[in-house]
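Here are my notes after a look through this one. Have the viewer open while you read, and click along as you go.

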Amino acid sequence: MLVNLRKYPQGADLEEAGASGNTASDTAAYAALYRKTVPREQLKFSDDPSGAALRFIVLTDDPGLTLDQLRSVSSRNGARALVTSDVLDGLVKEAKGTLSQKARNGDFADVGLDLQLTRAQPKIEGNDSTGYKVILWPSYGKSARYIVKEDGHYKLLGTSRDEEGVGIEVLERLSANDLAGARVLLDWLREDWHLAGGDDPLSSAAFPRTWTKGKEADATTMKVAAASILTWYKQTAPQGLAILEPAKDSARNDAEKVNILLAVLNGYSNLDEYDKALAVAADLARQYPESERAFLAQTFNLRALGRSEEADGLAAERLKRIPGDPVAMRVLVYNATTRGDYGKAHALAQNIIDEGKGEAQDLNRIAWDSLFTGKVELSDIEDALKGAQLGNNNSSILHTLGCVYADVGKTKEAREVLIQAMDVLNLDEPDENYWYAFGRIAEQYGERDAALANYARVTKPKRAVEIPDSTYYLSHVRMQTLRGEK
């Protein structure tokens with residue numbers, strides 16, 4: 001109770017007094033931790049690399065974070081990448097989720113942050129010239145913050161999750177002929193960005209394929225490596241593409257060209273430039289016909305361009321080469337869904353199960369597609385239940401289960417499962433997917449106005465290709481039905 005009231009010294013006294021038996025050492029350790037802990041409002045972070053990293057942690061733990069606050073701790077290049085509404089929305093959503101999760105567990109968020117700051121043991125590499133890589137909790141993971149000194153103060157350049165500011169900084173250093181400074185940043189990023197495993201020769205991201213720590217490289221290679229970082233993110237993709245588009249035609253060997261093409265594919269995909277992405281994916285597929293990544297990129301972009309029949313042809317060709325390939329079978333399901341042929345999609349998904357290739361996602365797909373056919377059967381509910389079990393209560397599958405329950409009038413079961421799924425996602429109130437589900441429950445109780453109000457809160461997907469199997473589509477159908485429209 002004292003700790004939850006943030007009276008840490010008094011809490012430490014009681015911990016020490018109660019230390020005995022088999023848990024004495026653990027109790028003493030907590031007492032020592034509490035003894036060092038103070039409320040974060042009383043902390044004064046020094047103007048040094050670790051202080052800059054800690055200030056960022058405190059800011060991003062606040063669900064009331066603003067763009068001005070984010071800008072205040074960011075360097076010039078860091079701000080170009082981080083100070084955007086998309087990044088802000090993501091950080092705020094995460095902070096709210098953390099608060100919700102702690103509340104569900106009976107924990108106090110302020111206490112958690114206070115203890116987190118106390119446990120920090122910053123590991124710092126670099127200097128004012130190169131910048132700094134700061135790992136605050138080396139014992140708990142290698143998530144890094146990248147700090148530079150700018151206008152006499154230490155500012156955030158990027159993190160292990162948002163590296164685009166580092167990529168911009170590398171390009172600036174290359175322009176200033178500071179190859180040594182650019183190399184340091186690229187090496188630091190590469191320490192934590194590894195090649196993907198598996199059989200697909202194109203599975204890894206472009207950056208770790210392009211850059212190897214410690215390997216001698218010229219300015220051109222560094223520039224391509226930095227650009228491949230930029231295309232990984234929507235806000236910096238245009239800058240990366242401006243470098244990579246001409247570079248692909250002057251690649252020094254086939255391996256380098258493939259790496260550039262993968263980075264270009266990321267950029268076009270992030271910008272929803274489907275026709276350009278399709279051309280690159282097709283080029284990669286010609287070189288690596290067995291690659292799942294190239295195949296999925298081709299078929300997705302064909303669907304986005306309204307050419308799902310061509311995607312069917314690619315899936316059929318792949319099934320000839322690899323009989324029973326579940327990836328190609330799933331693409332046929334997606335293609336049918338895109339065309340609004342939900343009955344066929346349902347049957348094709350069932351075929352994956354019948355062929356013994358099914359996984360939790362396929363059971364979920366069968367149940368989900370049944371909502372669009374307007375004929376939810378007992379077998380669809382059973383598939384959703386099996387999928388939830390196989391998927392270890394994955395929130396998406398639980399959402400599907402709640403929706404099919406609601407569709408057949410099992411409102412109590414629907415509500416309980418939906419609440420369970422929201423708990424998994426740390427949602428305190430429904431998002432657009434859940435507004436549809438609760439609208440369906442309201443409709444089953446005859447609450448027409450409440451149902452319409454819920455359906456109206458379901459937002460339209462930003463990309464047209466996402467509409468055919470979305471809760472937005474389902475909500476739109478239900479609203480038309482309730483209003484007596486065609």
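The points below go through two helices, the nonpolar cores and the aromatic contacts.

1. Before anything else, keep in mind that this is a predicted model. Everything below is computed from it, so to speak, with the model as it stands.

2. Start with helix α2, which runs over residues 24-36 and has 13 residues. From its first C-alpha to its last it reaches 19 Å, close to the 18 Å expected at 1.5 Å a residue.

3. Which residues of α2 are buried? They are Thr27, Ala31, Leu33 and Tyr34. Looking down the axis of α2, you'll find its buried residues within an arc of 160 degrees, so they line one face of the helix. As a reminder, an α-helix has 3.6 residues a turn, so residues three or four places apart point the same way.

4. Now turn α2 around: the face away from its buried side carries Ser25 and Lys36, both exposed. The buried residues, for their part, pack against α1 (8-17) and α7 (109-119).

5. Helix α25 (residues 471-482) can be read in a similar fashion. It has 12 residues and reaches 16 Å between its first and last C-alpha, close to the 16 Å expected at 1.5 Å a residue. Its buried residues are Thr471, Leu474, Ser475, Arg478 and Met479. These fall within an arc of 135 degrees when seen down the axis of α25, so they too line one face of their helix.

6. What do the buried residues of α25 pack against? The partners are α19 (360-373), α21 (395-407), α23 (432-444) and α24 (448-456). After α25 comes Gly484, with a positive phi near 75 degrees.

7. On to the cores. The largest nonpolar core has 48 residues, and Val170, Leu186, Phe207 and Leu284 touch the most other members. Helix α13 (residues 254-270) supplies the largest share of this core, eight residues. If you zoom in on Leu284 and ignore its neighbours within four places in sequence, its contacts are Leu202, Val258, Leu261, Leu262, Leu265 and Ala294.

8. There is also a second, separate core of 36 residues. Leu401, Leu418, Ala451 and Leu452 are among its members.

9. Last, the rings. The structure holds 10 aromatic pairs, and one aromatic cluster is formed by Tyr342, Trp368, Phe372 and Tyr473. Have a look at Phe295 as well: the charged end of Arg318 sits over its ring, 5.0 Å from the centre.

Conventions
Residues are numbered from 1 along each chain as its sequence is written. This is a predicted model: local features need pLDDT of at least 70, side-chain atom pairs count only at pLDDT 80 or more; totals for chains, interfaces and linings use all residues. Side-chain values use heavy atoms; hydrogens and water are left out. Rings of Phe, Tyr and Trp (its six-membered ring) pair if their centres lie within 6.5 Å; planes under 30 degrees apart count as stacked, over 60 as edge-to-face and the rest as tilted. A charge sits over a ring if NZ of Lys or CZ of Arg is within 6 Å of the ring centre and within 35 degrees of the ring normal. Helices (H or I, at least four residues) and strands (E, at least two) are DSSP runs, numbered from the N terminus. The expected span of a helix is 1.5 Å times one less than its number of residues. Buried means under 20% relative accessible area, exposed over 50%, partly exposed in between (1.4 Å probe, protein chains only). The arc is that of the directions from the helix axis to the C-beta atoms. Contact means heavy atoms within 4.5 Å. A nonpolar core is a set of buried Ala, Val, Leu, Ile, Met, Phe, Trp, Tyr and Cys residues joined through side-chain atoms within 4.5 Å.
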